[in-house]
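User: Please take a close look at one part of this protein, the site that holds the metal. Set it in its surroundings as you go.

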Amino acid sequence: MTTLFVSDLHLDASRPAATDCFLRFLAGQARDAGTLYILGDLFEAWTGDDAAGPHEQAILAALRRYTGTGRSCGFLRGNRDFLVGQRFAAETGAILLPDEALVDVGGTRALLMHGDTLCTDDHAYQRYRRLVHRPGVQALYLRLPAPLRTDLAAWARRRSRAANAGKPAAIMDVSQSAVTDALRRHGSELLIHGHTHRPAVHALEVDGRSARRIVLGDWYTQGSVLQWAAAGPELRTLAFG
Ligand code: MN
């Protein structure tokens, strides 16, 4: 049975072509698969399950229709939608995965991650991540009125863009030692992640054994899907509209 992986769609009402492409994908190609994994940053911003607007509601409904056909959807949170919670899971039928999830893909133990925790050379980002992942900070944020949450999220994205503009490209990529550590920790020889928007299949070696790291692409100008069928993995693109 085919398994599909996507990440970094960054869906937002301001980019309807990406949303249309994803909705067509869910109603079409994705139905040839038994399982769809979404590895984070499905949304450009997610300010709480209770704050989903009409654009988000349409995506939730499409995911619900997809899982309603008996197919499974695993959702791993990204750095843009780390506040996705149990209500999202209940409304979509998706299964929320931990930040590091081991799953069987065609007989291979695959380690799934969003990818931001692999960028360990970006110390400023990792500090920010630790802060916004503190349960107390999240609880406080989620008690704010929804419009204020939206403003704060937009401010955080502007700050992040400004900070990233001054960072060398290498700092914003994964660190090889973090990749090796993660594979070793989970006894896996396959890592699938997104976040860096640098789609590729990398061969590497961990403790003398060959391993692979597959990076998913973003959905800025086209869709990007990893399709894993009987013949193995293949990175594919989907044309917008
Ligand atoms: Mn990301």
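Analyst: Of the 241 residues in the protein, 50% are buried. That figure belongs to a predicted model. The secondary structure comes to 7 helices and 11 strands. The radius of gyration is 17 Å, close to the 18 Å from the globule rule for 241 residues, so the protein is as compact as a globular protein of that length. Along the principal axes, the C-alpha atoms fill a box of roughly 50 × 40 × 30 Å.

Now the metal site. Which residues are the protein donors of the manganese ion? They are Asp41, Asn79, His114 and His195. Asp41 gives OD and Asn79 gives OD1. His114 uses NE2, while His195 uses ND1. These donors lie 2.0 to 2.3 Å from the ion. In sequence, the donor residues follow the spacing D-x37-N-x34-H-x80-H. Take the pair Asp41 and His195, which are 154 residues apart and link distant parts of the chain. Asp41 sits in the loop between strand E2 (33-38) and helix H2 (54-68). His195 sits in the loop between strand E7 (190-193) and strand E8 (200-206).

Is Asp41 buried or exposed? Its relative accessible area is 1%. The cut-off for buried is under 20%, so Asp41 counts as buried.

Next, look at strand E2, which comes before the Asp41 loop. E2 belongs to an open sheet of 6 strands, in the order E4-E3-E2-E1-E10-E11, with mixed pairing. Strands E4 (95-97) and E11 (232-238) stand at the edges. Each has a single partner strand, so one side of each is left without a neighbour in the sheet. From one strand to the next, the twist averages 25°. E2 and strand E1 (residues 2-6) run parallel, joined by 5 bridges. Leu4 stands opposite Leu36 in E2.

Helices lie across these strands too. H2, on the other end of the Asp41 loop, lies across E2 and strand E3 (72-76). H2 runs at about 145° to E2. Helix H1 (residues 16-27) lies across E1, E2, strand E10 (223-229) and E11. H1 runs at about 150° to E2.

Finally, long-range contacts across the whole chain. Among contacts between residues at least 6 apart in sequence, 64% join residues at least 24 apart. The Asp41 and His195 pair, 154 residues apart, links distant parts of the chain at the metal site.

Key
Residues numbered from 1 in each chain as written. Predicted model: local features only at pLDDT ≥ 70, side-chain atom pairs only at ≥ 80, totals over all residues. Heavy atoms only, no water. Donors = N, O, S within 2.8 Å, 3.2 Å for Na, K, Ca; no water. Helix = DSSP H or I, 4+ residues; strand = E, 2+ residues; numbered from the N terminus. Buried < 20%, exposed > 50% of the residue type's maximum accessible area, 1.4 Å probe, protein only. Pairing = 2+ DSSP bridges. Axes fitted to C-alpha atoms, helices over the stretch in contact; angles between N-to-C directions. Contact = heavy atoms within 4.5 Å. Rg over C-alpha atoms; globule rule 2.2 N^0.38 Å.
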